[in-house]
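The following exercises are to be worked with the sequence and the coordinates at hand. Each task is followed by a solution in steps.

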Amino acid sequence: TTDNYMLRLFCIGFTKRRPNQVKRTCYAQASQIRQIRRKMVEIMINQASTCDLKELVSKFIPEVIGKEIEKSTSSIFPLQNVFIRKVKILKAPKFDLGKLMEVHGDYKEDVGVKLERPVEGDEAGQEVAAAE
């Protein structure tokens, strides 16, 4: 990524049956599989190297990368259910507290609402009354 993280992305995709196909199975040839893998790697590298870690995680949630792989490999062999199934961090940059606070610094917007708590003496009195 642009913020010096080294990631390993695991992608999975399944071949799609033709609309009028009778057979239950649908296998791609080895050469087609190699082409599809090459295209998958190319797309994943392009997507990961052009943004930082926070943007990349936000791309995983709506499955943007999977949809792009599905579209671009449909000319080789139609695929379905293409997902990034796992991401491993191979190498992280040196720990920088300023950078961490910058990433997590947007918590001021959503603080929450203060709740009215009952006084502890009242609560204890109610429990005693309920026990009798």
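**Exercise 1. An exposed residue with positive phi**

Asn4 has a relative accessible area of 57% and is therefore exposed. The model under study is a predicted one.

Task: State where Asn4 is found and what its phi is near.

Solution.
1. Asn4 belongs to the segment before E1.
2. Its phi is near 65°, a positive value in a residue other than glycine.
3. Most residues other than glycine have a negative phi.
4. Glu63 also has a positive phi, near 60°, and is not a glycine. Glu63 sits in the loop between H2 and H3.

**Exercise 2. The chain as a whole**

Task: Determine how many helices and strands the chain has, and in which order the elements run.

Solution.
1. The chain has 5 helices and 2 strands.
2. Read from the N terminus, the order is β-α-α-α-β-α-α.
3. Of the 132 residues in the chain, 19% are buried.
4. The accessible surface amounts to about 10,700 Å², and carbon and sulfur atoms hold 54% of it.
5. Among contacts with a separation of 6 or more, 77% are between residues 24 or more positions apart.

**Exercise 3. The largest nonpolar core**

Task: Identify the residues with the most contacts inside the largest nonpolar core, and the elements that give two or more residues to this core.

Solution.
1. The largest nonpolar core comprises 18 residues, and Met40, Met44, Leu56, Phe60, Ile65 and Ile69 have the most contacts inside it.
2. Two or more residues come from each of strand E1 (6–15), helix H1 (30–49), helix H2 (53–60), helix H3 (64–73) and strand E2 (79–91).
3. The element that gives the most is H1, with 5 residues.
4. In soluble globular proteins, nonpolar side chains tend to be buried together.
5. Leu56 may be followed further: leaving aside residues up to four places away in sequence, Leu56 touches Thr1, Leu7, Gln47, Ala48, Cys51 and Ile65.

**Exercise 4. A buried glutamine**

Task: Decide whether Gln47 is buried or exposed, and find the side chains with which the side chain of Gln47 makes polar contacts.

Solution.
1. Gln47 is located in helix H1.
2. Because its relative accessibility is 11%, Gln47 counts as buried; the cut-off for this class is under 20%.
3. Apart from residues up to four places away in sequence, Gln47 touches Leu56, Lys59, Ile65 and Glu68.
4. Among these neighbours, the side chain of Lys59 makes a polar contact of 2.6 Å with the side chain of Gln47.
5. The side chain of Glu68 is joined to that of Gln47 by a polar contact of 2.5 Å.

**Exercise 5. A contact across the sequence**

Task: Establish how far apart Asp3 and Leu53 are in sequence and in space, and which backbone atom of Leu53 lies 3.3 Å from a polar atom of the Asp3 side chain.

Solution.
1. Asp3 is part of the segment before E1.
2. With a relative accessibility of 16%, Asp3 counts as buried.
3. Asp3 and Leu53 are separated by 50 residues in sequence, whereas their C-alpha atoms are 7.0 Å apart in space.
4. The atom of Leu53 is the backbone nitrogen, 3.3 Å from a polar atom of the side chain of Asp3.
5. When residues up to four places away in sequence are not counted, Asp3 touches Asp52, Leu53 and Pro93.

Key: Residues numbered from 1 in each chain as written. Predicted model: local features only at pLDDT ≥ 70, side-chain atom pairs only at ≥ 80, totals over all residues. Heavy atoms only, no water. Helix = DSSP H or I, 4+ residues; strand = E, 2+ residues; numbered from the N terminus. Buried < 20%, exposed > 50% of the residue type's maximum accessible area, 1.4 Å probe, protein only. Contact = heavy atoms within 4.5 Å. Areas by Shrake-Rupley, 256 points an atom, 1.4 Å probe, with all protein chains shown as cover. Core = buried A, V, L, I, M, F, W, Y, C linked by side-chain atoms within 4.5 Å. Polar contact = N/O pair within 3.5 Å; in protein donor to acceptor, adjacent residues only side chain to side chain.
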